[in-house]
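Please open the model in a viewer and keep the sequence panel visible. The tour below proceeds selection by selection.

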Amino acid sequence: RRADGLRAAMARYGDEGRLKLRRAVNGPHAAAPVMVVGPPVEEARLAVVMLHGRGADPADILPLRNHLRADGAVFVAPGAVGGQWYPQRFVAPLEANQPFLSSALDLVAAIVEELEARGVPGERIVLLGFSQGGCLALEHGARQARRWGGLVGLSAGLIGPPGHVWAFQGSLDGTPVVLGCSERDPHIPVGRVDETSRELARLGGSVWLRIYPGSAHAVFPDEIEQVQRVLDGLAGA
């Protein structure tokens, strides 16, 4: 019923509430649906691209918007083919996650291009994800370093095996970055979150980082409060 309700609310976009992309996406995620909630993109003041975790879909992450105040924001949530953006853990060798990882990154790029073509510039686009989707959001934001509206990795980190050396180019130019994770998260090594914080700061991101006690793989209230601050900053700009 939840998914059906979301589709009904997004009916104005046609084809079950999907945002149609102007260019084809390469690889396994070529047919991934891109769901939208909010005003027509052409009328939006900002956009939040929401990337779900493994085994989930857009209907699982879109309700997060109900905990945020963002007048004039459009929320965009693609769905991974088969419910996963890439098959192995995010700390596996990069080649072990191909061609799915490259296809997922291309999908995010195509969504950003579509939003920009419809009038929402990159500096007003927030890339937000949880778990596997958070890793994807951070990875795309770093690979395409620029001034984003925000980068949010909820229980997430940059992608690559232990000892991986990132060689990202460009500058995040003060982009607000929100990172949070439990100290004993069963899926996200806390050391990788620390590495991610340092790498995104090196690229010029303004990093907010919180490590929580315990082993929950979850979204925490003060992470949402920090995301709200990011949205408030964009709303006031």
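Two strands are taken to pair if DSSP finds at least two bridges between them. The model is a predicted one.

Begin by selecting the strands. Seven of them make up an open sheet of mixed pairing, and the order across it is β1-β3-β2-β4-β5-β6-β7. At its edges are β1 (34–37) and β7 (206–212), each of which pairs on one side only. Direction ignored, neighbouring strands of this sheet are turned by 15° against each other on average.

Next, select strand β5 (residues 150–154) together with strand β6 (residues 176–182). These two run parallel and are joined by four bridges. Within this pair, Gly-153 stands opposite Leu-179 in β6.

Now add the helices. Helix α4 (residues 132–143) packs on the sheet, where β2 (46–51), β4 (125–130), β5 and β6 are touched. The direction of helix α4 makes about 145° with that of β4. Helix α6 (residues 221–236) also packs on the sheet, and its contacts are with β2, β4, β5, β6 and β7. Relative to the direction of β6, that of helix α6 makes about 170°.

Then turn to the side chains. Which two residues form a stacked aromatic pair? Select Tyr-212 and Phe-220: their rings lie 4.0 Å apart, centre to centre, with 20° between the planes. The pair counts as stacked because planes under 30 degrees apart are classed in that way. Both Tyr-212 and Phe-220 are buried. The count of aromatic pairs comes to one.

Finally, select Arg-146 and Trp-148. Arg-146 lies over the face of Trp-148, at 4.9 Å from the ring centre.

Key
Residues are numbered from 1 along each chain as its sequence is written. This is a predicted model: local features need pLDDT of at least 70, side-chain atom pairs count only at pLDDT 80 or more; totals for chains, interfaces and linings use all residues. Side-chain values use heavy atoms; hydrogens and water are left out. Axes are lines fitted to C-alpha atoms, for helices over the stretch in contact, and angles run from 0 to 180 degrees between N-to-C directions. Contact means heavy atoms within 4.5 Å. Rings of Phe, Tyr and Trp (its six-membered ring) pair if their centres lie within 6.5 Å; planes under 30 degrees apart count as stacked, over 60 as edge-to-face and the rest as tilted. Buried means under 20% relative accessible area, exposed over 50%, partly exposed in between (1.4 Å probe, protein chains only). A charge sits over a ring if NZ of Lys or CZ of Arg is within 6 Å of the ring centre and within 35 degrees of the ring normal.
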